[in-house]
Amino acid sequence: MSLLEFTERGIYCQRAGIFIDPSQGVPKALITHAHSDHARVGCQHYLCTRLTAPLLRQRLGIHQNIQAVEFGESTLINGVKFSFHPAGHVIGSAQIRAEFDGEVWVVSGDYKIEPDHITEEFEIVRCHTFVTESTFGLPVFQWPKQTLVFEDINAWWETNSKKGLTSVISAYSLGKAQRIIQNVDHSIGPVFCHGAVELTNEVLRNAGIPLKSTTLLPDNANKQTLRSALVIAPGSALSSPWMRRFKEYATATASGWMILRGRKNWYHVDRGFVLSDHADWKALNTTIAATGCEHVIVTHGYSDIFARWLQEKGYRAQAEKTSYESESEGTVL
C-alpha cells in the first residue's frame, strides 16, 4: 500500500485518515495554501500553516476547526509524521512532507523557487517520492528575472502617469497582487487596490506581514488623484462595470502565460508582463533533481508530457489527474 494515493476526493493517506487539498468536504484536511482550488469548504478539521489559517477564515468563512502549525513543525497522526515546508507560491503556502516507516513523500502543492521579497522562500525537502505540479511544464516557459519584469512595469506606470493615464494591472488577489505591491516603485505614485485585493492585504498585515502601503480605491476618486496611480485588481474586474470609474487609463496583466505571443489579446489588455507564481521549466527540473527523489508523480498542467520527459531522464515518473487544475493564471491570473 502506497503511503499516499490519488482519489476522487483528493490525495489520501489511509494510514493517517487524512486528505491533502481535498476537492470536497472530508473529516480531516491538510491544506497546502489558501487558493480556492486547494482549499474547499465543508471539511470537519483543517491543518495548515500559521499564515494560511487567517486566509482560510477570510476566504472560506471558516472560524473554527482550523489548526495552524509553523513551518518545519512535526505533527504525528496515527503514526504518520507530517510537516509543512515553504513552497514559495504565495504567503503561507507549503509543501507537505509525510513520513512513515522510513518512507518519505513530499506533496509540493503549487510552488516557485525565485525569491519575491514577500513570500517565504522555497525549501528543498529530500524525499523518495515527489508530487510536483507542472502548470508550466514545457521548455517554452522560462521566466525572465523578476527585477527586469518590475523595471518594465515601473516604466509602463511612469509613462502612463506622464500621459495622465491611470495604470490598471490585473493580478490575483492572493499572491500576485502582494508581489507587485512589494516590488514596484512607490515613488512613482499612489498604489490603490480593488476591494478584494485590499481585504487580503488587511488580513496579511494583521497577521504581521510587512506589506508596503496601499489604499482601498475610493468610489469617488477624482481624475487628479488617479492620473499618477497604479491600481491593482483581480482579472475579473477589468471586464466588469467596476472599470467605469476610470476615464482615461491603460490596462495590463501579469501572468506566466504572457510569454506566449498574442496572449495579452486574450485578456483584452494593453500590456502583458511575464510574471508567474509557479515554477518554470528550469525550476521544475532543478527542484526534482535537488529532492533526490526516485519516484515523481506529476499533476495538473502539462502532466503527461512532463512525466514522459522525466522518464527519459531516468526517473520513475507518472502523471496523475487531480480534481483541480493549478490556480489557473489563464483564468484568474
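The following paragraphs go through a predicted model, from the overall dimensions of the chain to its core, one sheet, one helix, its salt bridges and two backbone angles.

The chain has 333 residues, and its radius of gyration of 20 Å agrees with the value near 20 Å that a compact globule would have. Along the principal axes, the C-alpha atoms fill a box of roughly 65 × 45 × 30 Å. The secondary structure consists of 8 helices and 19 strands. Of the 333 residues, 57% are buried. When contacts between residues at least 6 apart in sequence are considered, 59% of them join residues at least 24 apart.

The largest nonpolar core contains 47 residues, and those with the most contacts inside it are Tyr46, Leu56, Trp156, Ile169, Ile180, Leu230 and Ile232. Two or more residues of this core come from each of β5 (45-49), α1 (52-60), α2 (146-162), α3 (176-183), β13 (191-193), α4 (195-206), β15 (230-233) and β16 (249-254). Among these elements α2 gives the most, with 5 residues. Leu230 can serve as an example of the packing. Outside its neighbours within four places in sequence, Leu230 is in contact with Trp156, Trp157, Ser167, Ile169, Ile180, Val184, Pro190, Val191 and Phe192.

One of these contacts also belongs to the strand pairing: Val191 has Leu230, in β15, as its bridge partner. The strands β13 and β15 run parallel and are joined by 3 bridges. Both belong to an open sheet of 6 strands in the order β14-β13-β15-β12-β16-β17, with parallel pairing. The edges are taken by β14 (215-216) and β17 (271-273); each has a single partner strand, so one side of each is left without a neighbour in the sheet. Helix α4 lies across β13, β14 and β15 and runs at about 100° to β13.

Helix α7 comes later in the chain. Within its span of residues 281-291, the buried residues are Trp281, Ala283, Leu284, Asn285, Thr287, Ile288 and Thr291. These buried residues pack against β11 (129-134), β18 (295-301) and α8 (303-312). Just after the helix, Gly292 has a positive phi of about 75°.

The next topic is charged pairs. The whole structure holds 10 salt bridges. One of them pairs Lys81 with Glu99, with the closest N and O atoms 3.8 Å apart. Lys81 is in strand β8 (residues 80-86) and Glu99 in strand β9 (residues 94-100), so this pair ties together parts that are 18 residues apart in sequence. Both residues fall in the partly exposed class: Lys81 has a relative accessible area of 33%, and Glu99 has one of 22%.

A second group of salt bridges involves Arg179. With Glu114, the N to O distance is 3.7 Å. Arg179 lies in helix α3 and Glu114 in the loop between β10 (103-107) and β11, so the salt bridge ties together parts 65 residues apart in sequence. What is the burial state of Arg179? Arg179 is buried, with a relative accessible area of 1%, whereas Glu114, at 29%, is partly exposed. Arg179 also forms a salt bridge with Asp277, where the closest N and O atoms are 2.8 Å apart. That pair links distant parts of the chain, since Asp277 is in the loop between β17 and α7 and Arg179 is in helix α3, 98 residues away. Asp277 and Arg179 are both buried. Through shared partners, salt bridges join Lys112, Glu114, Asp116, Arg179 and Asp277 into one network.

The last topic is backbone geometry. Most residues other than glycine have a negative phi. Asp101 has a positive phi, near 55°. Asp101 sits in the loop between β9 and β10 and is exposed, with a relative accessible area of 73%. His117 also has a positive phi, near 75°. The loop that holds His117 is the one between β10 and β11, and His117 counts as exposed at 57% relative accessibility. Glu114, the salt-bridge partner of Arg179, belongs to the loop between β10 and β11 as well.

Note on methods. Residues are numbered from 1 along each chain as its sequence is written. This is a predicted model: local features need pLDDT of at least 70, side-chain atom pairs count only at pLDDT 80 or more; totals for chains, interfaces and linings use all residues. Side-chain values use heavy atoms; hydrogens and water are left out. A nonpolar core is a set of buried Ala, Val, Leu, Ile, Met, Phe, Trp, Tyr and Cys residues joined through side-chain atoms within 4.5 Å. Buried means under 20% relative accessible area, exposed over 50%, partly exposed in between (1.4 Å probe, protein chains only). Helices (H or I, at least four residues) and strands (E, at least two) are DSSP runs, numbered from the N terminus. Contact means heavy atoms within 4.5 Å. Two strands pair if DSSP finds at least two bridges between them. Axes are lines fitted to C-alpha atoms, for helices over the stretch in contact, and angles run from 0 to 180 degrees between N-to-C directions. A salt bridge is a side-chain nitrogen of Lys or Arg within 4 Å of a carboxyl oxygen of Asp or Glu. The radius of gyration is taken over C-alpha atoms; the globule rule is 2.2 Å times the number of residues to the power 0.38.
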